[in-house]
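Colleague: Please choose one part of this model and look at it closely, beginning with a single side chain and working outwards to whatever surrounds it.

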Amino acid sequence: MSIELLIENYGLLAIFLGAAFEGETAAFLGGVIAHRELLPYWSASLAATAGSFAGDQFWFFAGRYAARWSLVRRLMEKPALARVTQLLEKYPTGFILAFRFLVGLRTISPIVIGTTRISTGKFVILNAIAALIWGQLFTALGYLFGHGIEQILGHLSLHRHLLIAFGAAAVAAAAALAFRKMRPSAGHS
């Protein structure tokens, strides 16, 4: 079975699952694939949006359920995490809308949010809004990247095009992680 046929048959599911568990790279590659016209752009972006939404809902409910465990309660009593939780409760809307865009906070944030008093309904609505923005943004970036690569290098084989896109996404993720580690953390003098 060719990669094109695999993408046509399972690409949307792969984008959905990738966005749910990994994130940006799956949505970005979905945009590249849409640029190659193997999947419709709106289908790829909606799969990324739905995957991001579903993944964060899963982690939110995991946090909501795990909040009853004594280990999680003890962790939530630590001073640093308590300060983060207080900020989250003070600015819940902004944090819920922004966490998926912050490197290193995508998975842990909905778990922490689930352990707070933030209502499920509020999280669902804000998560849907943020997932829609996130899904469209990263799929569009992938689509534009695919177009840019084609403009610079010409029409490449799909394998090469995806390899370059995956490499660019990996470099961007590594740079974002390195930048995050270089910044001084809050609370340190």
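Modeller: I would begin with Gln136, which is buried at a relative accessible area of 18%, where buried means under 20%, exposed over 50% and partly exposed in between, with a 1.4 Å probe and protein chains only. The model is predicted, so local features need pLDDT of at least 70 and side-chain atom pairs count only at pLDDT 80 or more, while totals for chains, interfaces and linings use all residues. Residues are numbered from 1 along each chain as its sequence is written, and side-chain values use heavy atoms, with hydrogens and water left out.

Gln136 lies in helix H8, helices being DSSP runs of H or I with at least four residues and strands runs of E with at least two, numbered from the N terminus. Apart from residues up to four places away in sequence, Gln136 touches Tyr41, Trp42, Ser45, Leu46 and Thr49, contact meaning heavy atoms within 4.5 Å.

This leads to the pair of helices itself: the axes of H3 (residues 41–66) and H8 (residues 120–153) come within 8 Å and cross at roughly 145°, the axes being lines fitted to C-alpha atoms over the stretch in contact and the angles running from 0 to 180 degrees between N-to-C directions. The crossing is right-handed, that is, the near helix is turned clockwise from the far one by less than a right angle. The residues of this contact divide into 16 nonpolar, nine polar and two charged, with Ala, Val, Leu, Ile, Met, Phe, Trp, Tyr, Cys and Pro counted as nonpolar, Asp, Glu, Lys and Arg as charged, and the others, Gly among them, as polar.

H3 and H8 also take part in the largest nonpolar core, to which H1 (3–21), H2 (24–35), H3, H8 and H9 (158–182) each supply at least two residues; such a core is a set of buried Ala, Val, Leu, Ile, Met, Phe, Trp, Tyr and Cys residues joined through side-chain atoms within 4.5 Å. Of its 19 residues, Ile7, Ile15, Ile33, Ala48 and Trp134 touch the most other members, and H2 gives the most, with six residues. Ile15, leaving aside neighbours within four places in sequence, is in contact with Ala26, Gly30, Leu39, Ala44, Ala47 and Ala48.

Leu39 also meets Glu8, whose contacts, with neighbours within four places in sequence left aside, are Leu38 and Leu39. Glu8 belongs to helix H1 and is partly exposed, with a relative accessible area of 46%.
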